[in-house]
Amino acid sequence: MAVFIRPPGLPMPIPVTVFFTLEQNRLLAALPASDRERLAQHLEPIVLHAGDVLCDAGAVPTHIYFPTSAVLSILHLMEDGASSELVAVGNEGMVGISLFMGGAATAARTVVQTGGHSLRLRADLMREEFDRGGPAMQLLLRYTQAFMAQMAQNTICNRYHKIEQHLCRWLLQNLDRAGGDELDITHSMLAAILGVRREGVSEAAARLQLAGGISYRRGHVKVLDRAVLEAQACDCYQTMRAEFSRLLPPPGKPRHSVGCR
């Protein structure tokens with residue numbers, strides 16, 4: 001059952017294209033129907049632009065974000081201004097788990113990696129939903145486990161794998177989120193995400209383009225041969241796909257254990 005929400009302040013009637021469905025986010029789609037309908041009254045659809053900072057390190061987030069087409073990046077910032085991505089979140093999940101895990105403030109910066117749409121929920125309402133317990137709480141805890149596993153895997157990837165492997169893994173993960181074969185991303189943003197020099201990203205992208213895997217022009221990547229990326233990616237990509245599949249319902253197939261119809 002699709003649950004539709006209307007952006008606040010828009011008069012009725014309005015074009016169908018302004019409506020969002022909760023099912024566009026995998027985590028919301030897996031909630032029991034009654035929980036989705038209750039949250040639909042409070043979820044706000046917003047447009048996010050690449051580079052927007054949603055929450056800075058040390059701040060207490062005011063909202064939980066459920067991306068539908070945007071991709072958010074959680075970055076660790078070093079004293080010298082350098083950064084490295086701890087984890088990325090797309091339509092498979094949410095950003096703001098510290099709000100219902102008791103930590104409140106976050107130690108990392110949340111930046112919009114790929115512009116697009118998202119749904120957001122006020123922090124106090126998310127805490128209320130979690131405190132209800134039941135299937136919704138169980139689902140959120142499973143997602144938190146998957147989130148932490150991805151963060152740990154990214155740390156291993158950053159430490160032990162070559163830039164080319166890391167880049168291929170990142171491209172594959174974000175292609176899965178985007179559902180297509182093109183991504184808008186600059187070398188500077190990729191360098192910040194991967195925690196390497198911009199020159200290193202440029203060299204790795206050039207080698208991948210020479211191998212026939214991608215074509216790259218300023219700020220835009222098009223994947224020409226996904227098999228090339230899969231062959232060069234580290235095993236972190238498949239490890240994380242398997243972990244998310246184990247802990248969360250696959251797209252379009254909610255688990256009966258969380259009461260979805």
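Is Arg36 buried or exposed? Arg36 counts as buried, because its relative accessibility is just 2%. That is one stop on this short tour of a predicted model, told as a set of close-up views.

**View 1. Glu23 and Arg36 meet in a salt bridge.** Here the two side chains come together with an N to O distance of 3.4 Å. The pair links distant parts of the chain, 13 residues apart. Glu23 sits in the loop between β2 (20–21) and α1 (26–29), while Arg36 belongs to helix α2 (residues 33–40). As for how open the two residues are, Glu23 counts as partly exposed because its relative accessibility is 29%, whereas Arg36 is buried at 2%.

**View 2. Arg38 and Glu129 join two helices with a salt bridge.** In this close-up, the N to O distance is 2.5 Å. Arg38 is part of helix α2, and Glu129 is part of helix α4 (residues 123–131), so we're looking at a link between residues 91 places apart in the chain. Arg38 is partly exposed, with a relative accessibility of 23%. Glu129 is buried, since its value comes to 5% and the limit for buried is under 20%. Widen the view a little and a network of salt bridges turns up, linking Asp35, Arg38, Glu129 and Arg132.

**View 3. Glu164 and Arg207 form a salt bridge.** The closest N and O atoms of this pair are 2.4 Å apart. Glu164 lies in helix α6 and Arg207 in helix α8 (residues 198–210), so the bridge ties together parts that sit 43 residues apart in sequence. Arg207 is partly exposed, with 42% relative accessible area. If you'd like to hunt for others, a search of the whole structure finds 15 salt bridges.

**View 4. Four strands make an open sheet.** Read across the sheet and the order is β4-β8-β6-β7, with antiparallel pairing. The edge strands are β4 (53–55) and β7, each of which pairs on one side only. From one strand to the next, the twist averages 35°. Zoom in on β4 and strand β8 (residues 109–114) and you'll find two bridges joining these antiparallel strands. Cys55 stands opposite Thr110 in β8.

**View 5. Helices α5 and α6 lie across strands of the sheet.** Helix α5 (residues 134–160) lies across β6 (71–77) and β7, and runs at about 145° to β7. Helix α6 (residues 163–178) lies across β6, β7 and β8. The angle between α6 and β7 is about 30°.

**View 6. Glu85 is a buried residue without a salt bridge.** You'll find Glu85 in strand β7 (residues 83–89). What is the nearest side chain of opposite charge to Glu85? That would be Arg169, which is 4.9 Å away; the cut-off for a salt bridge is 4 Å. Glu85 does have polar partners, though: its side chain makes a polar contact of 2.6 Å with the side chain of Ser73. Another polar contact, of 2.9 Å, joins the side chains of Glu85 and Gln113. Leaving aside neighbours within four places in sequence, Glu85 is in contact with several residues, including Ile74, Leu75, Asn154, Asn158, Trp170, Ala192 and Ile193.

Key
Residues are numbered from 1 along each chain as its sequence is written. This is a predicted model: local features need pLDDT of at least 70, side-chain atom pairs count only at pLDDT 80 or more; totals for chains, interfaces and linings use all residues. Side-chain values use heavy atoms; hydrogens and water are left out. Buried means under 20% relative accessible area, exposed over 50%, partly exposed in between (1.4 Å probe, protein chains only). Lys and Arg count as positive and Asp and Glu as negative; His and the chain ends are not counted. A polar contact is a pair of N or O atoms within 3.5 Å; within protein, one must be able to donate a hydrogen and the other to accept it, and residues adjacent in sequence count only if both atoms are side-chain atoms. Contact means heavy atoms within 4.5 Å. Two strands pair if DSSP finds at least two bridges between them. Axes are lines fitted to C-alpha atoms, for helices over the stretch in contact, and angles run from 0 to 180 degrees between N-to-C directions.
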